[in-house]
Amino acid sequence: MDSSPLPLLPGTLDVLVLAALQGEPRHGYDVADWIRVRSAETLQIDDGALYTSLHRLEKRGLLAAEWGMSDSNRRAKYYHLTPEGVRRLADETRSWGRYASAVFRVLGTGMEAELG
Amino acid sequence: MSAPRWRRFFRIAPFRGDAARDLDEELDFHLQRTVEVLVGRGWSEADAQREARRRFGEFARYRGELERIDRGRMRMNGWTMWFSDRWADVRLSLRGMVRQPGFTAAVVVTFALGIGANAALFGIVDRLLLRPPAHVVDADAVVKLQVRRAFLGRTITTDALAWDDLQDFQQVADFETVAGYSGFSLTLGEGETARRIRATYATHGFFPLLGVQAQLGRLYGPDDDRFDAPLVAVLGHDLWKSQFGGSPSVLGTTVRVAGSPYTVIGVAPKGFTGVDLERVDVWLPMRPAKVATDGSDEWFSSRGYNFVRAVARLSPDAVRTRALEQATALHRAGYEEEIAQDRYDANATVIAKPLVARLGEDTPPEGRVALWIAGVSALVLLIACANVANLMLARSLRQRRESAVRLALGISPWRLVEQRVLDTLVLALAGGAAGLAVAFVGGGVLRTRILPDIDWSGSSDLRVLGFTLAVSAVAGLTAGAAPAVLAARQRLSSAISHGARTSGAGARVRGLLTLGQASLATILLVGAGLFIRSMEAARSTDLGFDVDHILAVDLESSSPMKGQELKEFYVRASEALERVPGVRAAAATNSPFGWSWSTRLRAEGLDSIPRTPEGGPYYHRVTQDYFEATGLRVVRGRGLEPADASGAQVAVLNQTMADLLWPGQDPLGRCLYEGDDADAACIQVVGVTAYAHRGGLREAESAQYYLPMAMDAGVDPRGLVVRVEGDPEEMQGPVVKALLAALPSVRLVRARTMRDLLDPEFRGWRLGMTVFTLFGILALVVAGVGLYSLLSFDVAERRREIGIRMALGSSTERIHAQVLTRALGLAGVGVAAGLVAAYLLAPRTAEVLYQVSPRDPAIFGIAAAVLLVAAAAAGVLPARRATRVHPTEALRTE
């Protein structure tokens, strides 16, 4: 399997960021790290773009932020999902699932199985 | 290698709330963390830093983008937060209002009355004094021209000018245009449906001068205002709506005004009243219409007829003083001959009055009264504010524990103050809304009752609305400030531990407020007393005739009549009237109430008639039953007799004239001579009457004499006086019917009671009486309730102390006395302050009073007594409650 980084499809970054914050608040570095690890470094995302997404989502009220102490005992800005963000993540996950399975159905079931 | 740029930011102390610094701190942290992790995995510091920046992407671009997003977010947050905070506060206030309906109702009603009264008065003052008449373009450049001159030893200012005076003013270069107008009461229609309307003759230049446009059809122009032009008329908006249903088809129809047919060519816009404020029903072109009404053009031919009012628009570059100097010079030149014969003031001066009355000497009397009432209503609003402040204060003291807890929880004192002020503001706005209803209903009644002739349709509801809003806000802030500040100043710990115990400052403030209310109420009651006494004095003024049983009757025949024909017409009319059951007597006169005539007169044994400041002697030419028909008493000699109707040369003098001509001597049998003729016939004095007023309540006594109408062929009767047995109002119908039946050629009959005729004179006093009494009672009630709540509060707070004292054997009476003493003490000081204020204000009321001293001790005494009784009444209940405290119960309350 080819492991070279893939450019991100437009509109997907926000979902990834929301997903990264599911369950627990994280600061920006953790979000970037989480996405990098979960995607096995497949997705090519500037850290700057990530922050743009975080701040945009905060402005739209899907995220809220608080300053807290990091593990290294420094002040860091922690993001968490607002109730609206939780709703949005659920919606987006559902539609991504439908979208992806539709694409897989068209391309053949093998890939679907591999992902499964 | 130098430290990376972002490192610099790292050393800056983070500061919450500053978006840019927050952002830099966040990015610093991110880059630091990346480097740390990479170094931890064995990267060199330099490589790690390079890698961190590579992963981040174009730093400057992203940072700019992030800053832009954050700025947008902060802006939005600022607004939404502010609004949601305020909204939460308002909701808290509203919840508080609903929780305490009694309190809320008390405050809202207090505000509603206070604010409503002010809004209503503002509507009136605004129309009378603050804005130019409706539809006048660039009103500052328009002036009314008047002449100030000496007349019978006094300086008078007159706006009634001769036609030629108007022509003189037209020569003034600094006047762009000059126009004339003249208002009359004329008859519209004929027969039983005929009625009087307010007609204004105006020259054709009047409309363009003011800049007014027709609402429908056209206004008349130069061709319609020639002496020989066909008669046209422009209807006033109100008349068009009420009489012609507001239909456009009115154009081209014919209306009959004062008997002449006019073609309607247009309708004036709503609220257009020319340069005055009184309603105008129809506009007629001055030249042809006045001639048609009079049947001749003599009013235009001589400077002896003063009937035109002049308006001028100054040219854009005009100098006002220069224009008036020119006008004055032209005016004096016009009276050259009269001045030379010493019949006209050589120093007569033309003056200009602006359309918007200036405060001071220009203020019209109704405006002055309105200002007085506005002052009163402002006082009432002050009382209302004080009372609300008092109520709020009492409430905030009850809420001390709650406030203390909130303060302890970290709410800033400022927020607490804000909430308190907001509470009052919300209440004031609710009160203002209710006040608007009060203003529109009450203001409507006030306007039509007190100033019925003013056209109010030009009033601005929007301005009243704005004013109400502003007053509500100010009232809310005023009433809210004191309790709010006290709430914030209280000490935390003591509040929590002691619960609801009044602080000394709170009690003092509430005491002062109550005291202030008592003094304001005193002032208002003194004012009410002064007006009531004025009204009584005016009512009981002996006018010299039987005011309560007289009808004044006007007749208009459909064909113009003069001299003998007209006299016979009136004689027939009075004969017809005397046959009506219930009519005691009827007589014709050339000088109905309000009219005065005088002529050159000589008296036997005197070189000349002594001049008096009141002018005269004034003559009345009357038919024989005049004294019976007016109730004017003949004190010596006789009145007029049937025999005099055949032309006897006799006169009846009033006592004033008899004393003036022949002081201390018997006037009977002496001679008067009319005119300058040396061989004029002797008019023999046959009687003397008591004094009768000529045309008003306030006039000084003048010399008057009464002659038989038949004596002089050239005199025209102008009205009838009818004295009836019972209520004159009930006789109005029968009188009109009888005249319409007896006189086929009559066009209009108008029978008015003497009381109605005099009514405008009473308006000012009635207005003052009504307003001061209403507001005075309101203020009294409000002050009483304020005092009551203060005392109840006091007693409730001192339960423990009272209980102890009762346990120690203090008598019920002593405690009663103590509470009542406090009530009377507070009220007494307030009353004293109020009396002093009323005493100081008194001289300013003198001009609006009638035959009563503005410092009348009886009135001051009564006002004080009423207040003290009310104070005692307010103290009774709290006093009784105080002694109902059971000693043991009182000891247990804490």
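Trainee: How many salt bridges are there between chain B and chain A?

Mentor: The count is three. A salt bridge here is a side-chain nitrogen of Lys or Arg within 4 Å of a carboxyl oxygen of Asp or Glu. This is a predicted model, where local features need pLDDT of at least 70, side-chain atom pairs count only at pLDDT 80 or more, and totals for chains, interfaces and linings use all residues. Residues are numbered from 1 along each chain as its sequence is written, chains are lettered from A and ligands numbered from 1 in the order in which they are written, and side-chain values use heavy atoms, with hydrogens and water left out.

Trainee: Which side chain meets A:R75 in a salt bridge?

Mentor: That of B:E25, at 3.2 Å from N to O.

Trainee: Which elements of chain B give two or more residues to the side that touches chain A?

Mentor: They are α2 (19-40), α3 (45-56) and α4 (59-99) of chain B. The largest share comes from α2(B), with 12 residues. Helices (H or I, at least four residues) and strands (E, at least two) are DSSP runs, numbered from the N terminus.

Trainee: And by class, what is on that side of chain B?

Mentor: It has 11 nonpolar, five polar and 10 charged residues. Ala, Val, Leu, Ile, Met, Phe, Trp, Tyr, Cys and Pro count as nonpolar, Asp, Glu, Lys and Arg as charged, and the others, Gly among them, as polar.

Trainee: How many residues does the contact take from each chain?

Mentor: 26 residues from chain B and 24 residues from chain A, where contact means heavy atoms within 4.5 Å. The area buried between the two chains is about 2,400 Å², of which carbon and sulfur atoms give 57%. Buried area is the accessible area (1.4 Å probe) that two parts lose on being put together, summed over both.

Trainee: Now chain A on its own. What is the strand order in the open sheet?

Mentor: β2-β5-β4, three strands with antiparallel pairing. β2 (26-27) and β4 (63-69) stand at the edges with a single partner strand each, so one side of each has no neighbour in the sheet. Two strands pair if DSSP finds at least two bridges between them.

Trainee: How many bridges join β4(A) to β5?

Mentor: Seven, with β5 of chain A covering residues 75-81. A:E66 stands opposite A:Y78, and A:W67 has A:K77 as its bridge partner. On β2(A), the bridge partner of A:H27 is A:Y78, and two bridges join β2(A) to β5(A).

Trainee: What lies between β4(A) and β5(A) in the hairpin?

Mentor: Five residues, and A:N73 in the turn has a positive phi of about 65°.

Trainee: Why is β5(A) called largely enclosed?

Mentor: Because five of its seven residues are buried. Buried means under 20% relative accessible area, exposed over 50%, and partly exposed in between (1.4 Å probe, protein chains only).

Trainee: Different spot: is A:D14 buried or exposed?

Mentor: A:D14 is buried, with a relative accessible area of 17%. Its place is in helix α1 (residues 12-20) of chain A.

Trainee: What does the side chain of A:D14 make a polar contact with?

Mentor: The side chain of A:S53, at 2.7 Å. A polar contact is a pair of N or O atoms within 3.5 Å; within protein, one must be able to donate a hydrogen and the other to accept it, and residues adjacent in sequence count only if both atoms are side-chain atoms.
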